[in-house]
Amino acid sequence: ANERTVLAWVRTGLSLIAVGLAVLQFGTDLRSRLPVGLVLLVAGSVASFAGWRRYVAADRAIRSGTLPPRGRAPQALALAVAFLGLVLMVAWLILES
């Protein structure tokens with residue numbers, strides 16, 4: 001289960017990085033494409049790193065017979081993606097009007 005969890009974090013990170021690159025490459029009508037693209041790239045990198053840290057902590061806990069410590073990375077990532085989604089929606093609405 002621990003390996004599946006880290007792979008899910010890496011998939012999420014890779015998806016965010018891919019979307020960030022797509023925004024930078026194809027978001028020519030978006031005036032704020034550079035900051036949005038960079039935020040997505042950073043979020044993807046942070047998600048992958050957080051997954052790796054969580055994997056290491058859980059592995060240590062499993063080997064010692066204890067529960068892994070609770071992390072805040074899932075909540076932080078969910079809030080960041082939700083906020084970025086709202087920002088992109090507002091940017092799209094401004095472009096379409």
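Reader: How do the residues of the lining of the largest pocket divide into nonpolar, polar and charged?
Author: Keep in mind that this is a predicted model. The largest pocket is lined by 13 residues. Sorted by class, that lining comes out as seven nonpolar, two polar and four charged.

Reader: Which residues lie nearest the centre of that largest pocket?
Author: Start with the space itself, which is about 250 Å³ in the largest pocket. Of the 13 residues lining it, the ones nearest the centre are Ala50, Arg53, Arg54, Gly71 and Ala73.

Reader: Which helix gives the largest share of the lining of the largest pocket?
Author: There are three helices to weigh up here, as α1, α2 (33-64) and α3 each put in at least two residues. The largest share is five residues, and the helix behind it is α2.

Reader: How are α1 and α3 oriented to each other, roughly parallel or roughly antiparallel?
Author: Take the axes of α1 (residues 2-26) and α3 (residues 73-96): they come within 13 Å and cross at roughly 25°. Angles under 35 degrees count as roughly parallel. So α1 against α3 is roughly parallel.

Reader: And what is the handedness of that crossing of α1 and α3, left-handed or right-handed?
Author: The axes cross at roughly 25°. As for the sense of the turn, the crossing of α1 and α3 is left-handed.

Reader: How many charged residues are in the contact of α1 with α3?
Author: On the α1 side you've got Trp9, Thr12 and Leu16, and they meet Ala73, Pro74, Leu77 and Val81 of α3. By class, that contact has six nonpolar residues and one polar, and the charged count is no residues.

Methods. Residues numbered from 1 in each chain as written. Predicted model: local features only at pLDDT ≥ 70, side-chain atom pairs only at ≥ 80, totals over all residues. Heavy atoms only, no water. Axes fitted to C-alpha atoms, helices over the stretch in contact; angles between N-to-C directions. Helix = DSSP H or I, 4+ residues; strand = E, 2+ residues; numbered from the N terminus. Parallel < 35°, antiparallel > 145°, perpendicular 65-115°, else oblique. Left-handed = near helix turned anticlockwise from the far one by under 90°. Contact = heavy atoms within 4.5 Å. Nonpolar A, V, L, I, M, F, W, Y, C, P; charged D, E, K, R; others polar. 1 Å grid on protein atoms, 1.4 Å probe; cavity = no way out; pocket = protein on both sides within 12 Å on 5 of 7 lines; lining within 4 Å. Points joined across faces, edges and corners; volume = space filled by probe spheres on them.
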